Amino acid sequence: MISLLQALTALTGRGHPSQQFTGVDLHCHVLPGLDDGPATEAESLALCRALVADGVHTVVATPHQLGKMEQRYSALDIRQAVTYLRTRLQLANIPLEVLPGAEVRIHEGLPGLIHEDEVLTLADRGRWVLIELPRLSYIEPLPLIRQLKDAGIRSIIAHPERHVCVQTHPHVIRGWIEAGACIQVTATSLLDRLEEEAYRCAWRMVAEVGAVLIASDAHDADRRRPRLSEAFRAVALRMGERVARRVCIDHPADVLAGQALRPVFETPARREASR
Ligand SMILES: [Fe+2]
């Protein structure tokens, strides 16, 4: 005889997922000594081990570029740091693929800086760029999203659920999505109620916005550790495993492949049309 919970799970698709999370993390401060991520190589390797334990097989290293970091690190510096970390991972037998990328503070000259190879796109593919808005003020990203799209580059807005202006005016996101952008929600925002507004805003985005993906934005193996497995389970429990797969696994994989996000209700013809 099936339990009430099992019956409810069968009806709604909500419940404990049938599989563990395994996938890509598109936003992680994993490179040692570059920004506010790990200070040392040992700390970086500890974070890499935590990523693997969390189910991540591929991570895009996204140190800050522009903004407060004042572009201290060029695209070339980041590529070289990734190459070095790969050699350390091999020596330490840590099965994690690391690719170059950046979390780029919003900047009107971004299309030109990408074209000049000063600023990195995600996985260095020239298709998606991860854009960070300033924390304490609001700069409307819509003109930049459109400019970048005209140049063949799609925007991902990093953790907008943490911004007060977005929390109070969530409708602004609609314009970004219509212009071809995607929203990156941070796993911790879905799990941690210390920032109640960010928590509520994050869940509303996952429920209402099709173009959402979840990333860790991890900085270390401790206080800001990767929590993608927990987020995957939480989304599956509340919204069903299909939604959890889409936002935690499928959409990050699409970005990694340099493709448009697969539509919510995908058919082969629609997927072809979205490319
Ligand atoms: Fe970040």
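Biologist: Which residue lies over the face of Trp203?

Modeller: In this predicted model, Arg238 takes that position, at 4.0 Å from the ring centre of Trp203.

Biologist: Which aromatic rings pair with each other, and how is their geometry described?

Modeller: The rule yields one aromatic pair. Phe21 and Phe232 form it, with 6.1 Å centre to centre and 50 degrees between the planes. Planes under 30 degrees apart would count as stacked and those over 60 as edge-to-face, so the pair is classed as tilted.

Biologist: Where in the chain do Phe21 and Phe232 lie?

Modeller: They link distant parts of the chain, 211 residues apart. Phe21 belongs to the loop between helix H1 (4-12) and E1, whereas Phe232 is in helix H9 (residues 228-239).

Biologist: Are Phe21 and Phe232 buried or exposed?

Modeller: Both Phe21 and Phe232 are buried.

Biologist: In what order do the strands of the sheet stand?

Modeller: The open sheet has three strands in the order E1-E2-E4, with parallel pairing. Strands E1 (23-28) and E4 (97-100) are at the edges; each has a single partner strand, so one side of each lacks a neighbour in the sheet. On average, neighbouring strands are turned by 25 degrees against each other, direction ignored.

Biologist: How many bridges join E2 and E4?

Modeller: Strand E2 (residues 56-61) pairs with E4 over four bridges, in the parallel sense. Val59 has Val98 in E4 as its bridge partner.

Biologist: Which strands does helix H3 lie across?

Modeller: Helix H3 (residues 75-91) lies across E2 and E4, running at about 175 degrees to E4. Helix H10 (residues 241-256) also packs on the sheet, where it touches E1, E2 and E4. The direction of H10 makes about 70 degrees with that of E1.

Terms used:
Residues numbered from 1 in each chain as written. Predicted model: local features only at pLDDT ≥ 70, side-chain atom pairs only at ≥ 80, totals over all residues. Heavy atoms only, no water. Pairing = 2+ DSSP bridges. Helix = DSSP H or I, 4+ residues; strand = E, 2+ residues; numbered from the N terminus. Axes fitted to C-alpha atoms, helices over the stretch in contact; angles between N-to-C directions. Contact = heavy atoms within 4.5 Å. Phe/Tyr/Trp six-rings, centres within 6.5 Å; stacked < 30°, edge-to-face > 60°. Buried < 20%, exposed > 50% of the residue type's maximum accessible area, 1.4 Å probe, protein only. Lys NZ or Arg CZ within 6 Å of the ring centre and 35° of its normal.
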